[in-house]
Amino acid sequence: MSPPETEFITLYHSSSDDSESTSLGTSLTPQRIGFVGFGTIASAIATGLATQQSVPISYLAVSRRSEKRSSALQKSFPDLVSIHDDNQQVVDTADIIFLCVLPEQTSSVLQKLKFDAHRHTLVSLVSTSTIEDLCRDAQLPPERVFKMICLPAVARCNGICLLLTPTQKDPPILTELCEALGGCVQARDAQQMSALMVTTCLMGSFYGVLRNNREFLVRHGLDRDQASFLVGRLYDSMVQDAVQVQKDPNGFDQLIAEQTPGGLNDQGLRNLEALGALDAYDQVQTAILSRILGESDGSLPFESR
Ligand SMILES: NC(=O)C1=CN([C@@H]2O[C@H](COP(=O)(O)OP(=O)(O)OC[C@H]3O[C@@H](n4cnc5c(N)ncnc54)[C@H](OP(=O)(O)O)[C@@H]3O)[C@@H](O)[C@H]2O)C=CC1
C-alpha cells in the first residue's frame, strides 16, 4: 500500500522560533509509523499499535528484516502494513520512526539514513543508545529524539512503556501511543531512565521465584503440571490485587498490612527479611543499575549505594 498523506497539526511550541516547534500531531491525526529492524520488540510494538483503539494509525511501514515477522504482521493487517526492502523507504514514508536494531548495529544503520528534522520523530528502543549519539548519527535535534523501553506484553496492549524525553517538552502523541500500549512512565533524564530500566530487568528474577515455588510443590509430591497451574493461578490473583492498588503510593504497604498479624503470610515475609532476602533483592537492583550505567559487569558481590 502507498502511504497516506498526513497533515500535521502543530500542538505546542516551546518558543516562537520555528526550529524549536514540533509537529508530532494530535491523537486525532492519523499517524504514519515506521520500524527500522523488525525483530522481537518491533513486532510486539507494531502488533500493539495495530490493535489498539485509542490513537488512529493510518500506516505502518516495516523493514523486511526478520521476514517471518514482517510478513505475519502484513498478513494480519493488510490494509495498514507496508513492507520495504530499504530502511530509507521506511523513513521516507513514515513520520514516527521506531529504531529496533541491536546495539552494535545502531550507529551504522542510522548514519546511512536521511531524516527530515521538521517531520521525523525518532524513537530508539536500543537500551544502550544515548540521546546524544542518536542525535549525532541521525542528524536530528534533541527535541526530535526519544528513547523508549518496553517489554513484549505491549503486543497485547498490556505493557508499560518507559519514555525518556530529552527536553522538558511533553511529546503528546508518543505518550498517547505508549498509553495505548498499556501505560507510560516518563523519565526526566538519562540517569533516572537507567533506574527505571532496572524494574524491567526483574522479569527473570520473578520467573525464578515462580520456578522455585513450583519445584517446592513437586518435591512434596504434586505433579509438575498441577504445581505449575497452582503457582501460575495464585500469582495471577496476587498480581491482580497489586494492580488494583497500583495508583495508590502506599498500596503495596496496605496489601502487606492486610496479612494476619503473626499469621503464616506475615511470618513468610519476616523470615525473608531475617534471611536478608529483600536486602539481597536491593543489591541485585543496584548491580543491574551499575551494569546499565556501564560501571560494572553487574556481577556480585556488589557494594550497595
Ligand atoms: N526483546 C525485548 O524484549 C527488548 C529489546 N530491546 C532492544 O530492542 C532492540 C532489538 O531487540 P530485539 O527485537 O530483541 O532483537 P532482534 O534480534 O529480535 O531484532 C533485531 C532486528 O534488527 C534487524 N536488523 C539487523 N540489521 C539491520 C539493518 N541493517 N537494517 C534493518 N534491520 C536490521 C534484524 O533483522 P534480521 O533478523 O533479518 O537480521 C532484526 O529484525 C535491541 O537493541 C534490544 O536491546 C529493548 C527492550 C526489550
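# Working through a predicted model

Cys157 counts as partly exposed because it has 18 C-beta neighbours inside 10 Å. The cut-offs behind that call: 20 or more other C-beta atoms within 10 Å of a residue's own make it buried, 12 or fewer make it exposed, and anything in between is partly exposed, with C-beta atoms placed from the backbone. Keep in mind that this is a predicted model, where local features need pLDDT of at least 70 and side-chain atom pairs count only at pLDDT 80 or more, while totals for chains, interfaces and linings use all residues. Residue numbers start from 1 along each chain as its sequence is written.

## Exercise 1: two odd backbones

Find where Cys157 and Ser66 sit, and work out what sign of phi each one has.

- Start with Cys157, which is in the loop between β6 (145-149) and β7 (161-164). Helices (H or I, at least four residues) and strands (E, at least two) are DSSP runs here, numbered from the N terminus.
- Its phi is positive, about 55°, although Cys157 is not a glycine.
- Now take Ser66, in the loop between β2 (57-63) and α2 (67-76). Ser66 isn't a glycine either, yet its phi is positive at about 50°.
- Why flag these? Most residues other than glycine have a negative phi.
- Last step, burial: Ser66 is partly exposed, since 17 C-beta neighbours lie inside 10 Å.

## Exercise 2: around the ligand

How many residues surround the ligand, and which are the closest?

- Count the shell: 23 residues surround the ligand. A residue is near the molecule if its C-beta atom, placed from the backbone, lies within 6 Å of it.
- Pick out the closest ones: Gly37, Gly39, Arg65, Ser66 and Val126. So Ser66 turns up again, the residue with the positive phi of about 50°.
- Sort the shell by chemistry: 14 nonpolar residues, eight polar and one charged. In this sorting Ala, Val, Leu, Ile, Met, Phe, Trp, Tyr, Cys and Pro are nonpolar, Asp, Glu, Lys and Arg are charged, and the others, Gly among them, are polar.
- Ask which element gives most: helix α1 (residues 40-51) supplies the largest share, three residues.

## Exercise 3: an annotated asparagine

Is Asn87 buried or exposed, and which residues does it touch?

- Check the record: an unreviewed UniProt entry has the annotation "binding site" covering Asn87. UniProt positions are given in the numbering used here, feature names are shortened, and annotations may be inferred rather than shown by experiment.
- Place the residue: Asn87 belongs to helix α3 (residues 87-93).
- Count neighbours: 23 other C-beta atoms lie within 10 Å, so Asn87 is buried.
- List the contacts (C-beta atoms, placed from the backbone, within 7 Å). Leaving out residues up to four places away in sequence, Asn87 touches Val36, Ser63, Val109 and Leu113.

## Exercise 4: checking two helices

What should helices α8 and α9 span at 1.5 Å a residue, and how many of their residues are buried?

- Use the rule that the expected span is 1.5 Å times one less than the number of residues.
- For α8 (residues 203-219), 17 residues should give 24 Å, and the end C-alpha atoms are indeed 24 Å apart.
- For α9 (residues 224-244), 21 residues should give 30 Å, which agrees with the 30 Å between its end C-alpha atoms.
- Turn to cover: α8 is hardly covered, with one buried residue among its 17. Helix α9 is hardly covered too, with one among its 21.
- Look just after α8, where Gly221 takes a positive phi of about 95°.

## Exercise 5: stepping back

Which domains does the assignment give, and how far apart are their C-alpha centres?

- Read the bounds, which come from an automatic or database domain assignment: domain 1 is 18-188 and domain 2 is 203-292.
- Take the distance: the two C-alpha centres lie 34 Å apart.
- Zoom out to the whole protein: twelve helices and eight strands, with 29% of the 305 residues buried.
- Finish with contacts: among those with a separation of 6 or more, 56% join residues 24 or more positions apart.

Definitions and conventions:
Contact = placed C-beta atoms within 7 Å.
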